[in-house]
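Visitor: Got a minute to walk me through this one? I'd like to start with the strands.
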Amino acid sequence: METKSSTFAFIDLFAGLGGFHVALKKLGGEAVFAAEWEPALNQLYTDNYGLPAWTDLNGLDTDDDIDREVPDHALLAAGFPCQPFSKAGDQLGFGDTSQGNLFFKVLQILKVKRPSRFILENVPNILKHDGGRTQDTILAKLRGLGYAVEVAHFSPHEFGIPQVRDRAYFVGSLDSLDGFTWPEKHRGHTDITSVLRRDVSAPRAIPERTLEAIDMWGDFLKRSPASLKMPAFPVWAMEFGATYPYEHDTPPAVWERRRKYGLSGMHVQGSFGFDLDGLRIAKQHELIPSHARRDGELAFPRWKRVFIRQNREFFRDNASWITPWLNHWQPWTFPSSFQKMEWNAQGEVRNIDNFVLQARASGLRIKRPTTAPSLIAFTQTQVPILGANLAGERRYMTPRECAQLQSLGDICLPESDLDAYRALGNAVNASVVEAIAKPLLIGLPAPQTPTGASKTDPTCELLGVLA
């Protein structure tokens, strides 16, 4: 979309890399206030957008502080911290005193400044958190301020962007939302190669052990008969040959009983069929899969029993080609996470270098090249790995390519690749925001005169631009 002259003022809270800014500027907006507590990202916001960002919103303690420091604006945008509501965190919600209560700071700013519109973004789990009570609280509080509010969730891949990243969006209006419609979702083909650059090298090499694990599972795929439908469930190689109890008992339950009566461990097979007979409990513990030896787990949940049963049956039916694979690669010498594989490319040619890979605690995930996995703000090891047939060599996606996945263009990124990946994992997708904001802005009251800082060109050259 072509950049328009300024027609409305907005503020950008918990701004991060400025995904809201990129989107709203394309729609003719001008940022008059931004806030970002992380020092490096705070400085980057100034460098990218020419607007010095506030640091800690908690410093705006009173209504008078907010009225004095935050300019009038037509639209408030905020991706308030998601960690308290994410499945990946402790899910403390509003009980997280460091971040969970920041929604109420957004609420306070809405109460004092009364912008005509708002857009809030968070993880989709916020809609289910605490049995739905968190969503109910958010909606009730916003409506209590006089806003009409709607909520929906979208992923970039539904807008033609090759990334699966579901996020919840709350929109609100002081007028009404009678004329507002959520954007239509894209149903066409997406391709990760649309954001790849052939003239770059990854800032960090893939660890040798990770490459070996990729080769190991690539060989597993090659050995599998073409007539065999690959499992839709996670493949847990450590269950191949195992016979320890799991349906009505667990190893920890057996050990607890045997310790009580002074007996030795179990007389069954552990991971990869290793014989446990005659071994002390401590040694047996080492030879049981990590998912089956948690202290105090006296009964496995249903999902775990199902996965164990499925993997043992799969091995039983395919031992003729899996056993030579086990003997060749000895997967028990790999970390537990590399002993597992998730095949998300049913029906595709089984060449592992055709796919997008992700090394996760749950296993090596293999995905079609139509989309990238959701960028997450954890460690660099979970950044998508590109197969050699996609990128010319096996390599991590670069921060610049990940910025394209977030529709951020050529903004300045943190100098450290680890910091860049983390920031990109926390970023809001600008194209999704633009699609939602465009109909929300229809009928916006007469433009306000922005009182923000003057615009300057980004100073990427001072910070270094990552490939």
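Visitor: How do strand 11 and strand 12 run, and how many bridges join them?
Guide: Strand 11 (residues 385–386) and strand 12 run antiparallel, joined by two bridges. This is a predicted model.

Visitor: Which residue stands opposite I385?
Guide: Y396, in strand 12.

Visitor: What order do the strands of that sheet take?
Guide: The order is 7-8-10-9-11-12. The sheet is open, has six strands and shows mixed pairing. Strand 7 (235–236) and strand 12 (395–396) form the edges, each pairing on one side only.

Visitor: Which strands does helix 6 lie across?
Guide: Helix 6 (residues 208–223) lies across strands 7, 8, 9, 10 and 11. Its angle to strand 8 (340–344) is about 60°.

Visitor: Switching sheets. What about the order 2-1-3-4-6-5?
Guide: That is an open sheet of six strands, again with mixed pairing. Strand 2 (29–34) and strand 5 (148–154) each have a single partner strand, so one side of each lacks a neighbour in the sheet. From one strand to the next, the twist averages 20°.

Visitor: How do strand 4 and strand 6 pair?
Guide: Antiparallel, over six bridges. I119 stands opposite V171 in strand 6. Helix 4 (residues 102–113) packs on this sheet and touches strands 1, 3 and 4. Its direction makes about 175° with that of strand 3 (75–78).

Visitor: Now confidence. What is the mean pLDDT?
Guide: The mean is 88, and 87% of residues reach 70 or more. Residues 1–5 stay under 50, with eleven contacts beyond four places in sequence. Residues 448–459 are also below 50. That stretch has 26 contacts in the model beyond near neighbours in sequence.

Note on methods: Residues are numbered from 1 along each chain as its sequence is written. This is a predicted model: local features need pLDDT of at least 70, side-chain atom pairs count only at pLDDT 80 or more; totals for chains, interfaces and linings use all residues. Side-chain values use heavy atoms; hydrogens and water are left out. Two strands pair if DSSP finds at least two bridges between them. Helices (H or I, at least four residues) and strands (E, at least two) are DSSP runs, numbered from the N terminus. Contact means heavy atoms within 4.5 Å. Axes are lines fitted to C-alpha atoms, for helices over the stretch in contact, and angles run from 0 to 180 degrees between N-to-C directions. pLDDT is the predictor's confidence in each residue, from 0 to 100.
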